Amino acid sequence: MKTVVIATNNAHKAQEIAEALPFPGWEFKTLREVGVVSDPVEDAPTFLGNARIKANAAFEACGGNAVIADDSGLEVDALNGAPGVHSARYAGEPCDDEANNKKLLDELAGVCDAQRTARFVCTLVLIQEDGTEVTARGTIEGKIGYEERGEHGFGYDPLFYPDVLEGKSFAEVPDAEKNAISHRGCALRALKASLEKADLLR
């Protein structure tokens, strides 16, 4: 059995990854499940850089197990790509979804609908037992609304209206529907395709 350590203790994220990569002989465990603490400083200027930092730190701590890490966030065009890699702590420490959403709405006050375009981005880094690295990226385009709507999801979901949902925020659809179109879902499908193409599923 091949153990792949997911560089997170977020149960929802771990479940989504495991369900998207159902390879025979692979099992997924979180850092907590393998008894590892890994909390590196994520100071890269890109999502890929931060995902690589998390993956490398977990790989070193896990003693040779394969690991997978992701970094994701929201890019708003009217804010020159902010909050970007600072999405989780946009309003400062500690992480606070409510404060982040309020700051985002404040920053976009007076910005018209046509200029509120944005996207969620997810970058994945998988490091195999031999150190081979495979990366993938997924995005979903949409706009930032004027108020929070919906009870599902987390983070910026109540403010993000994907183009494909026709007037619904991410927080207004069940998790299964969101995962089918989300940035992380897209990145996971791209990673799966890359692994299959390169015959790296052993």
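Two exercises follow, on a helix and a sheet of this predicted model.

**Exercise 1. One face of α1**

Task: Determine which residues of helix α1 are buried and how they are arranged about its axis.

Solution:
1. Take the helix, residues 11–20. Apply the cut-off: buried means under 20% relative accessible area.
2. K13, A14, E16 and I17 of α1 are buried.
3. Look down the axis of α1. The buried residues fall within an arc of 160 degrees, so they line one face of the helix.
4. Recall the general geometry. An α-helix has 3.6 residues a turn, so residues three or four places apart point the same way.
5. Turn to the face directed away from the buried side. It carries A11 and E19, both exposed.
6. Find the cover. The buried residues of α1 are covered by elements including strands β1 (2–6), β2 (26–30) and β3 (66–76). Helices α4 (175–181) and α5 (183–197) are also among them.

**Exercise 2. The sheet and its edges**

Task: Work out the strand order of the open sheet, name its edge strands, and place α5 against the strands.

Solution:
1. Six strands make up the open sheet, in the order β2-β1-β3-β4-β5-β6. The pairing is mixed.
2. β2 and β6 (160–162) are the edge strands, since each pairs on one side only.
3. From one strand to the next, the twist averages 35 degrees.
4. Inspect the β6 edge. β5 (residues 133–144) pairs with β6 in the antiparallel sense, over three bridges. G142 stands opposite P162 in β6.
5. Add the helix. α5 lies across β2, β3, β4 (117–127) and β5. Its angle to β5 is about 150 degrees.

Methods
Residues numbered from 1 in each chain as written. Predicted model: local features only at pLDDT ≥ 70, side-chain atom pairs only at ≥ 80, totals over all residues. Heavy atoms only, no water. Buried < 20%, exposed > 50% of the residue type's maximum accessible area, 1.4 Å probe, protein only. Helix = DSSP H or I, 4+ residues; strand = E, 2+ residues; numbered from the N terminus. Arc of directions from axis to C-beta. Contact = heavy atoms within 4.5 Å. Pairing = 2+ DSSP bridges. Axes fitted to C-alpha atoms, helices over the stretch in contact; angles between N-to-C directions.
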